[in-house]
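Thank you all for coming, and please have the viewer open while I talk. I will go slowly, from the whole chain down to single residues, and then out again to the ligand.

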Amino acid sequence: MITDRQGEIATALKQDINRSQYDTPLLELIGLENEISLAVSKLAQWDAPRPVEKSLLTISDQVYIQPEPLGVVLIIGAWNYPWALTLQPLVGAIAAGNAAVVKPSELSEYSASLLKALLPRYLDQELYPVVCGGVSETQELLRQRFDHIFYTGNSTVGKLVMEAAARHLTPVTLELGGKSPCYIDKDVDLRVACRRITWGKFVNCGQTCIAPDYILCEPSIQNRVVEGIRQTLLEFYGPDPKSSPDYGRIINQRHFNRVMALLDGYTAALGGQSDSSQRYIAPTVVKDVPPYARLMQEEIFGPLLPIVTISDVDDAIHFISEREKPLAIYVFSSNKKVIKRMLAETTSGGVTVNDVMMHYTLNSLPFGGVGQSGTGRYHGKHTFDQFSHHRACLVKSLGMERVNMPRPAWSVQ
Ligand code: NAD
C-alpha cells in the first residue's frame, strides 16, 4: 500500500497540512517501508523463544521467555504525521500477532478517509478495521475492552486514555509531547548547528513532537544564532516562505489562534508575519524570552522558536532539570566534557547530540517519552515487544527426583 499509493498519500497530506512533495516520502513513507522490511526479515528471530540464565535448581530444564500476542489492540493516531503515527505501531502490532483497531486523527481528515478506504484493500478488515471519527467516537472506543491501547497525542487526552484503560486494567503506551530543549554551546560551529536546528524546527511548520521547542544559549552567541537561522531560512524557503512549496501550514484555525496567542506581546527577531486565511505563520524566532513567558509554559507545536539565554552549561542543566522530563533533548557542542555532562545530568525520552530528531529515524533505538512526555516505547523490535506478552516459561522433566516413599499401588510401573 505504501509503495503503490505514494501519490494519493502525498496528495492527502498536501490537502491536510500543505506537506511538501519531498517531505512526504522522507518524513513518513521511507521510515514505514523500513519498518515493514525489518519486521518481515526479523520476525522469526523476534518471535523465537528467548533462553535466559538458569539457576542450579533448573540447570537441566528449559527456561525461556516466549513472546505472545496480547490479543486485540487499539491504536489512536495523531494528525501531524498521520500515516507514520498510525501505521508504524500497526506494523509491530501485526508482527506480534495481534488484531488491531486503527483510529486515525479526525484533524488530518483527508489522510484519515484515504486510510479508511485503502487499508481494507490490503489487510483483512475483520482483523484490522479503521474507525474514523472525533472525540465521541474515540470515547466510545475507549469504553470497549482492549488488550493494549497505543495512543499518540497530547497529554490532556493521554490522561483520559489512561483513565479509560484503568477501568479494564488495560496496559497503555502513551506517546506524548512537551517542550524539547536545544542547548547550543558557545564554541560550536554555528553554521552547522543553525542549519540542522532550522530544518528540525520548521519542517512540517513546527508541528513535530520532537521538534526543538526552544534554544538555550549564552547571550554572547545569541545574535549569531539568529543570523545563522536567518541565512538558513533564506536558503530553505527563499525570501518569502509563504510562497515556498516546501513550507507547511497550521492544521486548523484553533491551532493557528493558539500559536499566534503565544506570540502576543513579543517582537520577533525573525518572521512574525501571519495570514489567518491560509493558516500561515512565518518561521519566527524570538530573542531574550524570559522563562516565565507564555511561550515557555506550554509546548509550542508551531513555527515559533524562542531563545532563552543562560549563563553557562550549569545554568542550562539546571534550567532543563527543573522542568518536566522532555521527549527529546538536543545538545550542540564540540566539547566532550559538555556533551558528557549534558547526557549524565539531564534526562529525556531520547537525545541527539549535534543534530536534531535523528534518533527517531533509527529503528534500533526505542522511541518514547519519560514521565510527562510519555510511557512505553516503540520502533523496530521495540514495537514488537510493546505489543507482546513476555511469558515466563519453565519446562521441567519429571526425572532426577529422589523419591523415598514406596510407590502407591495405583501408580504406573
Ligand atoms: P489529535 O488532536 O489528533 O488527538 C490525538 C487523538 O486523540 C485523535 O485520534 C483524537 O481523535 C483523539 N482525541 C482527541 N480528543 C479526545 C478526547 N477528548 N477523548 C478521546 N480521544 C480524543 O492530536 P494532538 O493531541 O493535537 O497531537 C499533538 C500532540 O501530540 C502534541 O503534544 C505532540 O507533541 C504529541 N505527539 C506526540 C508524538 C510522539 O510520538 N510522542 C507524535 C506526534 C504528536
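What follows is a walk through this model, starting with the chain as a whole.

Please keep in mind throughout that this is a predicted model, and that the values I quote are computed from it. The protein chain has 413 residues, of which 51% are buried, and along its length there are 12 helices and 16 strands. If you take the C-alpha atoms along the principal axes, they fill a box of roughly 95 × 50 × 35 Å. The surface that the protein chain exposes comes to about 19900 Å², and carbon and sulfur atoms supply 54% of that area. As for how the chain folds back on itself, among contacts between residues at least 6 apart in sequence, 69% join residues at least 24 apart.

Next, the annotation. An unreviewed UniProt entry gives residues 60-390 the label "domain: Aldehyde dehydrogenase". Over residues 60-390, the chain is 35% helix and 19% strand, and the C-alpha atoms at the two ends are 22 Å apart.

Which residues does UniProt place under the feature "active site"? The unreviewed entry names E175 and C209. These residues are spread over 35 residues of sequence, and yet they cluster in space, with a largest C-alpha distance of 9.2 Å. Of these residues, C209 is included in the lining of the largest cavity.

Let us take them one at a time, beginning with E175, which sits in strand β6, residues 172-175. Is E175 buried or exposed? The relative accessibility of E175 is 4%, and because buried means under 20%, E175 counts as buried. Leaving out residues up to four places away in sequence, E175 touches a list of residues that includes F150, Y151, T152 and G153, and also F367, G368 and G369.

C209, by contrast with a strand position, is found in the loop between α7 (190-202) and β8 (214-217). With residues up to four places away again not counted, C209 touches N80, L176, S180, E299, F301, L327 and F367.

Now please turn to the ligand. There are 27 residues around the ligand, and those that come nearest are S105, E106, N154, L176 and E299. Two of these names, L176 and E299, you have just heard among the residues that touch C209.

Where are the polar atoms placed? An oxygen atom of the ligand lies 2.9 Å from a polar side-chain atom of K103, and an oxygen atom of the ligand is 2.6 Å from an N or O atom in the side chain of E106. For L176 the backbone is concerned, since a polar backbone atom there is 2.7 Å from a nitrogen atom of the ligand. On its own the ligand has 850 Å² of accessible area, and the protein covers 93% of it.

Which elements supply the shell around the ligand? At least two residues each come from α5 (135-143), β5 (148-152) and α6 (155-167), and α5 gives the largest share, 3 residues.

I will end with one further residue, T284, in strand β11, residues 284-286. T284 has a relative accessible area of 0%, and so T284 is buried. Apart from neighbours within four places in sequence, the contacts of T284 include F202, L263 and A268, as well as P303, L304 and L305.

Note on methods:
Residues are numbered from 1 along each chain as its sequence is written. This is a predicted model: local features need pLDDT of at least 70, side-chain atom pairs count only at pLDDT 80 or more; totals for chains, interfaces and linings use all residues. Side-chain values use heavy atoms; hydrogens and water are left out. UniProt positions are given in the numbering used here, feature names are shortened, and annotations may be inferred rather than shown by experiment. On a 1 Å grid over the protein atoms alone, a cavity is a set of points where a 1.4 Å probe fits but cannot get out, and a pocket is an open set with protein on both sides within 12 Å along at least five of seven lines; lining residues have an atom within 4 Å of a point. Helices (H or I, at least four residues) and strands (E, at least two) are DSSP runs, numbered from the N terminus. Buried means under 20% relative accessible area, exposed over 50%, partly exposed in between (1.4 Å probe, protein chains only). Contact means heavy atoms within 4.5 Å. A residue is near a molecule or strand if one of its heavy atoms lies within 4 Å of it. A polar contact is a pair of N or O atoms within 3.5 Å; within protein, one must be able to donate a hydrogen and the other to accept it, and residues adjacent in sequence count only if both atoms are side-chain atoms. Accessible areas come from the Shrake-Rupley method with a 1.4 Å probe; for residues, only the protein chains shown count as cover.
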